[in-house]
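Please find below some notes on the structure, set out point by point.

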Amino acid sequence: MNSGRRVAVAATAILAFAILAHFANSFTILLLTRALAFAILAMSVDLLLGFTGLASLGQAAYLGIGAYLTAILATRFGFGLGWDFWLVIVLAILAGAALAALFGLLALRTSGVYFLMVTLALGQCVWGLAYRWDWLTGGDNGINMPGRPKFGISFASDHVYFYLVLGFFALSLLLLYVLVRSPFGKSLEGIREREARMRILGYNAWLHKYIAFVIAGGLGGLAGVLWVHANGEVSPDDLVLTTSVDALLMVVLGGAGTLVGAVFGAGIVFFVRDYLSTLVPWWQYVLGGVYVLTILYLPGGLTGIPQRLRRVGLSSSKAQKREGAADAPLGKQVSPSIRREL
Amino acid sequence: MGAHFWLIQIFNGISYGALLFLVGSGLSLIFGVMRIVNLAHGSFFLLGGYIALSVIAATGSWELSIPAAALGVAILGVGLERVFLRRVGFDVLRQVLLTAGFAFLFQQAALDIWGGDFMNITPPAALTRSVVVGGLYLPLYRVFMIALAAAIGLLLWLVLERTRLGAAIRATVDDAEMARGVGIDTQRISVVVFALGAFLAGLGGVIGGAFLGVYPGLDFEILPIAFAVVIIGGMGSLGGAAVGALVVGLANNLGQALFPALAYFTLYAPMALLLAVKPTGLFGRE
């Protein structure tokens with residue numbers, strides 16, 4: 001598919017989604033809103049994992065800083081519930097980016113498995129502050145929001161708020177799409193594939209990774225604002241390690257390095273967690289099972305299925321040469337860089 | 001806050017460190033040998049506690065529950081390693097995510113089997129008393145935890161330093177490829193180490209069950225703390241795990257007492273800094 005068609009397909013899908021959502025019940029609409037807000041975080045993880053080759057286990061930190069900033073401004077200063085909501089959006093993006101700029105200085109000194117560990121530690125730092133710094137964050141109980149913003153129209157209704165989140169989601173997707181197709185994005189992929197070679201060619205690999213890390217942080221901050229307004233509250237539970245693990249798993253489930261894969265991943269996880277969990281008590285087996293099966297049998301994720309099918313259609317001799325695609329590394333490009341570092 | 005207070009805090013920190021050593025040493029060995037970031041390690045800890053509860057309910061014997069739980073978890077670990085982890089080869093990301101998927105599965109299984117209530121493992125009455133040392137009332141159970149961790153640590157050290165198997169494990173930690181080259185069956189070493197790591201985590205779960213409790217969510221609470229132990233000490237080093245456990249245990253207790261608002265921050269921020277400056281930890285080898 002060429003880029004024009006891709007954008008057209010994505011735009012049609014989002015438009016169709018917007019129309020269909022109009023008829024969704026209040027339960028479904030909230031589920032979709034939460035999934036879309038989280039999908040922004042998942043896409044930011046994909047920018048790092050799928051395009052830059054950095055597997056972060058601490059992305060919840062940026063969601064957290066955006067969410068807590070929004071909640072603290074709203075509850076303490078009554079700020080961000082009118083037109084100044086847009087200022088909160090800007091502030092949260094800046095706060096997420098600033099936190100990533102700080103954390104990136106530490107995290108990007110490492111690579112591979114140590115990068116996983118250092119991002120885990122940094123994520124836990126933010127969780128620890130949210131959990132124990134009671135007077136600022138409300139500790140264990142978190143912060144309840146006084147309500148959703150109202151400017152021109154009120155976003156108190158879940159249906160109306162959904163469209164706001166959908167708008168931000170579409171904008172983030174477009175921005176990331178433009179970014180990964182830009183020369184900068186291509187350099188990121190080059191660094192993912194062969195960092196040493198890119199350095200020899202004169203690229204500042206560290207700076208490229210750092211900028212990607214900061215952009216991902218800013219997107220996380222944005223996701224946090226939308227997340228806290230969707231739920232009406234924020235607590236340390238939103239920032240736990242499993243949130244970061246979830247974001248990473250969503251990307252891999254959908255297919256790393258595709259952006260839309262992260263969105264599918266988020267959709268499936270929220271469907272299982274928010275909807276299936278109301279029907280059956282064993283929903284977590286489904287989620288865990290989907291994760292395990294994807295990692296074992298679908299290294300390219302769901303968006304890699306068409307490619308897998310095409311490959312199966314090739315002559316068997318060729319297929320055999322590939323030595324079983326299940327053994328190919330995740331997202332076909334992600335891991336060589338990680339493996340090489342070890 | 002007098003000397004008395006600080007001594008108690010230090011004692012508590014050391015005893016918590018003893019528990020962390022049991023969890024962290026296994027995680028560290030698994031990482032050192034297999035380069036696996038095992039996100040299911042907290043699940044091993046939790047399942048150890050639950051299995052012990054079932055054994056105690058069935059037999060009434062706390063003493064029996066310790067080996068039963070540790071062995072049960074070790075068998076589970078062997079299964080996970082043999083059937084699943086081996087299939088994804090040396091791909092770090094897939095290994096990590098696979099263990100995460102299993103952590104979710106174990107979480108649900110534990111919830112189904114043992115329910116969602118907070119439970120406590122009751123040690124024998126003999127261990128619930130306190131001893132008085134120099135005017136300090138020390139709970140005997142915490143003394144027992146320290147003694148057990150020291151004994152296990154010594155045993156592990158003897159195995160690693162004085163046996164053929166230990167030499168093979170150390171060789172695999174240092175350079176798996178060379179180890180294979182000189183004829184060490186690193187696959188066998190991997191499964192032994194994974195079983196040992198799971199065994200120690202399960203053991204920690206029983207011992208910690210009387211101290212932290214046994215409840216859903218404990219798995220992902222203990223996991224990052226165990227990682228802090230491993231990181232600070234250096235992955236793949238037994239001595240490192242011991243020092244890391246002591247540092248984290250003390251930092252945790254003193255941190256809670258001194259700056260309650262920053263309690264966890266004081267634990268994870270040094271971990272992140274250390275990783276950035278010296279990724280191999282204080283005692284890890286390059």
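Which residue just after α4(B) takes a positive phi? This is taken up in the first point; note that the model is a predicted one.

1. Helix α4(B) and its end. G115(B), just after α4(B), takes a positive phi of about 80°. The helix itself, residues 92–114 of chain B, has 23 residues that should span 33 Å at 1.5 Å a residue, and the 32 Å between its end C-alpha atoms agrees with this. Of the 23 residues in α4(B), 17 are buried, so the helix is mostly covered.

2. A salt bridge between α2 and α12. Over all chains, the structure holds 10 salt bridges. One of them joins the side chains of D274(A) and R34(A), at 2.8 Å from N to O. Because D274(A) lies in helix α12 (residues 260–279) and R34(A) in helix α2 (residues 26–52) of chain A, the pair ties together parts 240 residues apart in sequence. D274(A) is buried at 16% relative accessible area, and R34(A) also counts as buried, at 18%.

3. Salt bridges around α8 to α10. K209(A) of helix α10 and E195(A) of helix α9 form a salt bridge of 3.1 Å, N to O. Both residues are buried. A network of salt bridges with shared partners joins K186(A), E189(A), R192(A) and E193(A). Within helix α8, K186(A) and E189(A) are 3 residues apart, about one helical turn, and their closest N and O atoms are 3.7 Å apart. K186(A) is partly exposed, at 46%.

4. Surface charge. A patch of negative charge on the surface gathers D134(A), D140(A), E233(A) and D237(A). D237(A) sits in the loop between β4 and α11 of chain A and is exposed, with a relative accessible area of 57%.

Methods
Residues are numbered from 1 along each chain as its sequence is written. Chains are lettered from A and ligands numbered from 1 in the order in which they are written. This is a predicted model: local features need pLDDT of at least 70, side-chain atom pairs count only at pLDDT 80 or more; totals for chains, interfaces and linings use all residues. Side-chain values use heavy atoms; hydrogens and water are left out. Patches are made of residues with over 30% relative accessible area and no salt bridge: like charges are joined within 9 Å, nonpolar side chains (Val, Leu, Ile, Met, Phe, Trp, Tyr) within 5 Å. Accessible areas come from the Shrake-Rupley method with a 1.4 Å probe; for residues, only the protein chains shown count as cover. A salt bridge is a side-chain nitrogen of Lys or Arg within 4 Å of a carboxyl oxygen of Asp or Glu. Lys and Arg count as positive and Asp and Glu as negative; His and the chain ends are not counted. The place of a charge is taken as NZ of Lys, CZ of Arg, CG of Asp or CD of Glu. Helices (H or I, at least four residues) and strands (E, at least two) are DSSP runs, numbered from the N terminus. Buried means under 20% relative accessible area, exposed over 50%, partly exposed in between (1.4 Å probe, protein chains only). The expected span of a helix is 1.5 Å times one less than its number of residues.
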